Amino acid sequence: MSLYIYNTLTRRKEEFKPLVEGRVGIYVCGPTVYGHSHIGHAKSYVSFDVIVRYLRYLGYKTLYVQNITDVGHLTDDADEGEDKIEKQSKKDRIHPMQVVEMYTRSYFEDMDALGIVRPDISPRATGHIIEQIEIVQALMKKGFAYEKNNSVYFDVTKFKEYGKLSRRPLDEMEAGARVEVNPEKKHPADFALWKKAEAGHIMQWQSPWGMGFPGWHLECSAMSMKYLGVPPNGGIDIHGGGMENQFPHHECEIAQSECATGEQFVKYWIHNNMVTVGGQKMGKSLGNVINLKDAFKKYSPLVVRFFILQSHYRSTLDFTDEALEGAAKGLEKLFNTVRNVRAEVLKMQKNDGELKIEDGSFIDLVGFKKAFFEAMDDDFNTPQAIGILFDLNREVNTILASSKTDIKILQDVDALYNELGGMVLGIMPAHVEAQSSTGVSQNDLIQFIIELRTEARTQKLWAMSDKIRDGLAKLGIIIEDKKDGTSWRRSG
């Protein structure tokens, strides 16, 4: 069976055929780094992590580019308002690039905790100002852009396909639907390629149009095409991002990129759906944004990852304590079976690999693997793929209970868990957490010890605090005290 992907551009599933045989270029819109990552970021980047993992598993040489937006993303997500990073820098009374560095580190900490494989290239918008200016110049030369009061705008009326991704006809776009229409624009839907820097604006660069900064949409076009190229010698096979970015962000990327190069910008567009909290859309205005660092205090990052993958990337994900607790129990069932398999293998190895072959010991591992990949080939259907793992779990538990098996079968079962649950889904670590007899995981125990240490620090019991820290370090647990709390990780 071939891999089929739902292409937002065509609104249908299509057989995946990369631009260059055997190679895949994928670009995913990265975070704007002005705050800690939240569960919405996790939904998006876990989803695309599995997509990249699966493409590589299938044998494609995959170049994964995910940017860092460190300038130009304004507070209304279009062309008006303050730069989100500069706004945060004023609030914190620090330089904008301090904001960028702090939250970029925080972002990668959270992504690492979730088991997300880092992108091959993580370019920053501020490091690609020259490339962005060159695109603007090309668009002006071709008549697709115009300058007004030291800002440059894209003329959407010149691109007849504007709206083809979001299916929004230009003549139906309402002027000033969110903010007052900028009088500098020829058409209300025109978008900024380059913005004039007003007095006091810190993040600005010299350009042919004066001091200014790039538009948010322009950044992704410049960075994606720089590293992935354009047809016929390259190109972007897959461009991903959140569903909320279809318009205006991705729509504008298409317009400026295709007009600048004369080539199709992206072959397959993939969009993940949003996160809700208790049935409500997550948003700062509602006060229900859940930062990952807070979520990790209650649930292990692996449970959060498993929870996300139980929902299809194109489906809405509703975050509730009940749902996370259910995910934790489900993941523990998988882990428990793997622990039992490995324990049985060790026991049999100590007995010189004594074979215990009896009728009924056979497991159709090939069939399970085939069903798993049929699910993944159907637009990366991780919920169905996880369901296949639970089907495997039930059969493995049956033979473990009956002792009708042999060491080779158990070793093959363990390898299959690692292959499907580990390499592809990223939910099965090489070392599965042991549990106490009460069912408490090591993660829970470590978190409890850290809370005791925090209490000791509060009471200024520094010797006790240091003893706990050093004791955990000897056990391979590294703790780090930060302004927003104490985090931990395993050494190595």
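Trainee: Between which helix and which strand does the loop with P232 lie?

Mentor: Elements are DSSP runs numbered from the N terminus, where a helix (H or I) needs at least four residues and a strand (E) at least two. P232 is found in the loop that runs between α5 (216-228) and β9 (236-242), and the peptide bond leading to it from P231 is cis, with omega near 5°. Before we go on, note that this is a predicted model in which local features need pLDDT of at least 70 and side-chain atom pairs count only at pLDDT 80 or more, whereas totals for chains, interfaces and linings use all residues. Residues are numbered from 1 along each chain as its sequence is written, and side-chain values use heavy atoms, with hydrogens and water left out.

Trainee: In which helix is P248 found?

Mentor: P248 is found in helix α6, which covers residues 246-261, and the peptide bond from F247 to P248 is cis, with omega near 5°.

Trainee: How many helices and strands does the secondary structure of the protein chain come to?

Mentor: The protein chain has 14 helices and 15 strands. Its radius of gyration is 26 Å, close to the 23 Å that the globule rule gives for 492 residues, so the chain is as compact as a globular protein of that length; the radius is taken over C-alpha atoms, and the rule is 2.2 Å times the number of residues to the power 0.38. Along the principal axes, the C-alpha atoms fill a box of roughly 80 × 65 × 40 Å.

Trainee: What percentage of the residues of the protein chain count as buried?

Mentor: Of the 492 residues, 52% count as buried, where buried means under 20% relative accessible area, exposed means over 50%, and partly exposed lies in between, with a 1.4 Å probe and protein chains only. Contacts, meaning heavy atoms within 4.5 Å, add to that picture: among those between residues at least 6 apart in sequence, 74% join residues at least 24 apart.

Trainee: In what sense do strand β5 and strand β6 pair?

Mentor: Strands of a sheet pair through backbone hydrogen bonds, either parallel or antiparallel. Two strands are taken as paired if DSSP finds at least two bridges between them. Strand β5 (residues 145-148) and strand β6 (residues 151-154) pair in the antiparallel sense over four bridges, and one of the pairs sets Y146 against its bridge partner Y153 in β6. The hairpin has two residues between the strands, and there N149 takes a positive phi near 55°.

Trainee: With which residues is K185 in contact, leaving aside its neighbours within four places in sequence?

Mentor: Once those neighbours are set aside, K185 is in contact with D79, Y146, Y153 and D190, so that both tyrosines of the bridge pair we have just met in the hairpin are on the list. K185 itself is found in the loop between β6 and β7 (191-196), and this lysine is buried, with a relative accessible area of 15%.

Trainee: What is the order of the strands in the open sheet of three?

Mentor: The order is β12-β11-β13, with mixed pairing. β12 (280-281) and β13 (317-319) stand at the edges, each with a single partner strand, so one side of each is left without a neighbour in the sheet. Strand β11 (residues 275-277) pairs with β13 in the parallel sense over three bridges, and V275 stands opposite L317 in β13.

Trainee: Which value is phi of R167 near?

Mentor: Phi of R167 is near 60°, a positive value in a residue other than glycine. R167 is found in the loop between β6 and β7, where, at 46% relative accessibility, it counts as partly exposed. K460 also has a positive phi, of about 60°, although it is not a glycine; K460 lies in the loop between α13 (442-458) and α14 (462-474) and is exposed, with a relative accessible area of 61%.

Trainee: How many residues apart in sequence are M243 and M274, and how far apart in space?

Mentor: They are 31 residues apart in sequence and 7.0 Å apart in space, C-alpha to C-alpha. M243 lies in the loop between β9 and α6 and is partly exposed, with a relative accessible area of 33%. Leaving aside its neighbours within four places in sequence, M243 is in contact with H271, N272 and N273. E344, by contrast, lies in helix α9 (residues 321-350) and counts as buried at 14% relative accessibility, while E344 and L63 are 281 residues apart in sequence and 40 Å apart in space, C-alpha to C-alpha.
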